[in-house]
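Welcome to my notebook. I jotted these entries down while looking through a structure that was new to me, and you are welcome to follow along.

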Amino acid sequence: MVQTAEKVEFEILSSELEALLIEAELIRAHQPFYNIRLKDDKTPIYLVITAEKFPRVLKKRKTDLVKEKPKGTILGPFPSGVKLNEVLKIARKIFPWCSDPDGDRACFYHHLELCPGACVGEISEKDYRENIESLILFLRGKKKVVLKDLITKMKQAADKQQFEKAQLYKERVQLIEEVTSKQYRLSPDLVLPSFGLQQAQQGMVELQKILQTYLAWPKSKKLKRIEGYDVSNIQGKNAAVAQVVFTDGRADKEEYRLYNIITLDTPNDYQMMKEALARRQNHPEWDKPDLVIVDGGKGQIRAALSNWQWDNPVIGIAKNPDRLIIPTDQDGRKIDYEVLKLDKNHPALKLAQQVRDEAHRFSKKQYSRRHTKQLLK
């Protein structure tokens, strides 16, 4: 590392627990050579939050993930099984989960008050899932987001005079603050590496992490070239579709392309998008995209996927509020979507917004050119 490193950066976090959780999240995002290289006969260990009616929390080695390909949320890798067990022991006290929700009697952890009662029908599916979603955020090191949500729920419960529920939220807030305080110590051999990137690079890393989470994106493959598409017209007249390209998170204007729509003069943005993407695929001599982002929601994605033949993912960015739309599964005409409502400062969202805005600017500019030319005629 000393011979190959160009610089060293570090970040000080408020506690060892946060450092451990964020380290695991960074390793998953960046897949750095020195963190994932095998040092003994064991493979890296991960957490799997299953995609069941009442999700379970499972520990899996990398070899198990490759064989089983489980559905759900995957967190890690974690530096050791001992560390992970310690994290789970802490997390379960704050956000309890059920180990055997399909059983016919109370599970072992229910007797220890570390299970919310999914095994005996004491909790609804909605409340259980909310608990698991908070657990996932906590295990990703999103302490501030979790605390803000819990405090909001605590106040709402108090206003409705649901004092037992409000007390539960209050205890969770106190526990999180306790285990993430500087005085709280884990085992003494904790490693605390962390590093920062420029915004464009961080956006690429976070987008790649999202693709790994929701789509079959290989962890060894780097996200490099993003193509963004937007349709511009008024009542179908002088329509143009812009193709913008971002390479390594930055606009690559020499690679921009424009498609004047000549087969339609009536409003049909979906068909215009289909025509432009079909024409794009007639040019394999241009570098192929790693990711396509279309301006729009499920309708534009469906139109794009209907004639997109290449194997790269296609996602959308919808407005009001801006959110990422990811097609996770397709069975004939039926498409399942994941809607990601990210924080407005999330690097992945900011990069997708840049791609969308640049495509919109470029397509609108071409529409204005065509409209002016027609007026002059």
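**Entry: a hairpin with two residues between its strands.** I began with the hairpin of β10 and β11, keeping in mind that this is a predicted model. Two residues lie between these strands, and glycine 332 in this hairpin has a positive phi near 70°.

**Entry: how those strands pair.** I looked up the pairing next: β10 and strand β11 (residues 334-340) are antiparallel and share seven bridges. As one example, I noted that proline 327 has tyrosine 337 in β11 as its bridge partner.

**Entry: the other neighbour of β10.** Going back along the chain, I found strand β9 (residues 314-318) antiparallel to β10 (residues 323-331), with three bridges joining them. Here glycine 316 is bridged to isoleucine 325 of β10. This hairpin has four residues between the strands, and asparagine 320 shows a positive phi near 55°.

**Entry: the largest core.** Which residues touch the most other members of the largest nonpolar core? I found Phe138 and Leu139, in a core of 38 residues. I then checked where the core residues come from: α1 (16-30), β1 (45-50), β3 (72-78), α4 (81-94), α6 (125-139), α7 (143-159) and α8 (163-179) each give at least two.

**Entry: around leucine 139.** Leaving aside residues up to four places away in sequence, I listed Leu21, Leu47, Leu75, Val87 and Ala91 as touched by leucine 139.

**Entry: another core.** Apart from the largest core, I came across another one of 26 residues, including Leu211, Ile293, Ala359 and Phe362.

How values were computed
Residues numbered from 1 in each chain as written. Predicted model: local features only at pLDDT ≥ 70, side-chain atom pairs only at ≥ 80, totals over all residues. Heavy atoms only, no water. Pairing = 2+ DSSP bridges. Core = buried A, V, L, I, M, F, W, Y, C linked by side-chain atoms within 4.5 Å. Buried < 20%, exposed > 50% of the residue type's maximum accessible area, 1.4 Å probe, protein only. Contact = heavy atoms within 4.5 Å.
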